Amino acid sequence: MLARVGEIKTPHGVIKTPAFVGAATRATVKALTFEQMRTLGSQAVLANTYHLVLRPGTELIREGRGLAEFMGWQRPTFTDSGGFQIFSLPNVRITEDGAKFKSHIDGREFLMTPELSMQAQWQIGADIHMAFDQLAKSESRDDMERAMERTHRWLSRCVVENAKLREEYLKQGLPEQYLYGVVQGGTFLDLRKQSAEFCAGQEVDGFGIGGVFTAEGMVEMLEAVNTILPEEKPRHLLGMGQEPRDLFIGAEEGIDTFDCVGPTRMARNGSLYTLDGRVNIKNARFTHDFTPLVEGCDCELCQNYTRAYLHHLFKVDEITAKVLASIHNERFVVRTVEKIRESLSKGTFAEYKEEFLGRYYKNCQ
RNA sequence: GCUGGAAUCGUGUAGCGGCAAUCACAGGAGACUGUAAAUCUCCCGCCUUCGGGCUUCGUAGGUUCGAGUCCUACUUCCAGCA
């Protein structure tokens, strides 16, 4: 049994796991204030090194006493390394040294290497950093293997640089910051195992599992990886959590934290979670629906407003539509993981999973 | 009353003799997983066995192989002059 409950201790507080980490890419959760995030029970957020390097620059965040303080969040934070941008941005040139991007803002050329990513992340000052990794450019085994091997070489460089920076920062009396190595290998189980073994042998404080895009094959993959990764260190599933299914599978297979842009992105686009699956609140059928979106939901939207009202706000394109929808989706996912945590503690996980997923995906196929 | 101008999908428009006819908005639906996402895609005259078929550009005539486009009359609106 890989599933577990636990705590991740950081200088900004404790994260009770499993936990869903909100996406605060550019040092904010889109459409939400951190007060709203605290109210809906969010324990931690994840920002993006690439975006913060471009704007406002890592120096500024350091000047602002680090990410959590700069944002006014004060709770635990993660940063992604910028590795994902190599994969998702056009016009990226990758070499063994690192990756050259063109800034999507002004076209300025910008270099990211394992060392620079570590330096940037220490300056940003999140509690937990991701190693600079590379995702494969295709599904082919060759590409996967190449990306994985480079990720490993880069991880070694990250670890070296991280040790230097840690010493330097701690000497100045600054708080501890932790590094996660990232497991790659795509859908190939043997590569995943190889990657997990490599990462497990590195001097890192935890692990990110990257390059996962669908729930398909996730059970076997996570089982293989998490059996190898040391039990006492936390595991973060990078980018997964849009589908509630991902959260249940992840937790069941030993994942401690998740992050995903899905809940807030979908909220902004009018796609809302309900216990019976996702619903597009802009659909005409909600025009006269004066019931709460989710009966019994404790979020600000469901406690105070009707489906018809939210439908109206979306139709007239009011900012509040995105705010309320984001509060709801984020709360929905945070609460689902909270309940997963509770059910694991009480030994009722299997029942909760079956009940939740059976209802949520009932209308699919 | 006179003189000009205009009438095209729910709305605002393109169209200057040759494929139901541009674009935007509105409307309908879908997508979204380490955020270049307040984004993107599709449908939007009627019918369709998805090959296509049918009826359309204020109304009624006319010219032409062919008319939303040219001509005549009418209707309605707009501007200017009385």
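# A guided tour of chain A and RNA strand B

Begin by selecting strand β7, residues 99-102, which pairs with β8 in the antiparallel sense over four bridges. The model on the screen is a predicted one. Within this pairing, find Ala99 and then Met112, its bridge partner in β8.

Next, add β6 to the selection. β6, β7 and β8 form an open sheet of three strands, in the order β6-β7-β8, with antiparallel pairing. The edges of this sheet are β6 (93-94) and β8 (109-112), each of which pairs on one side only. Strands of a sheet pair through backbone hydrogen bonds, and the pairing may be parallel or antiparallel.

Now display the whole of chain A. Its secondary structure consists of 15 helices and 15 strands. The radius of gyration of chain A is 20 Å, close to the 21 Å that the globule rule gives for 365 residues, so the chain is as compact as a globular protein of that length. Along the principal axes, the C-alpha atoms fill a box of roughly 60 × 45 × 40 Å. Of the 365 residues in chain A, 49% are buried. Consider also the contacts between residues at least 6 apart in sequence: 69% of them join residues at least 24 apart.

The following step is to colour the domains. Select residues 6-260 for domain 1 and residues 267-360 for domain 2. The C-alpha centres of these two domains lie 27 Å apart. Where they meet, 18 residues of domain 1 are in contact with 21 residues of domain 2.

Which elements give two or more residues to the side of domain 1 that touches domain 2? They are β3 (19-23) and α10 (244-252). Select α10 in particular, for this helix gives the most to that side, with five residues. By class, the side of domain 1 that touches domain 2 has 10 nonpolar, five polar and three charged residues.

Finally, turn to RNA strand B. This strand is surrounded by 48 residues, and the closest are Asp80, His104, Gly239, Asn269 and Ser271. Select these five residues together with the strand. Then highlight β4 (45-48), α5 (83-88) and α11 (262-268), each of which supplies at least two residues of the surface near RNA strand B. How do the residues of this surface divide into nonpolar, polar and charged? There are 18 nonpolar, 20 polar and 10 charged residues on the surface near RNA strand B.

Terms used: Residues are numbered from 1 along each chain as its sequence is written. Chains are lettered from A and ligands numbered from 1 in the order in which they are written. This is a predicted model: local features need pLDDT of at least 70, side-chain atom pairs count only at pLDDT 80 or more; totals for chains, interfaces and linings use all residues. A residue is near a molecule or strand if its C-beta atom, placed from the backbone, lies within 6 Å of it. Ala, Val, Leu, Ile, Met, Phe, Trp, Tyr, Cys and Pro count as nonpolar, Asp, Glu, Lys and Arg as charged, and the others, Gly among them, as polar. The radius of gyration is taken over C-alpha atoms; the globule rule is 2.2 Å times the number of residues to the power 0.38. A residue is buried if 20 or more other C-beta atoms lie within 10 Å of its own, exposed if 12 or fewer, and partly exposed in between; C-beta atoms are placed from the backbone. Two residues are in contact if their C-beta atoms, placed from the backbone, lie within 7 Å. Two strands pair if DSSP finds at least two bridges between them. Domain bounds come from an automatic or database domain assignment.
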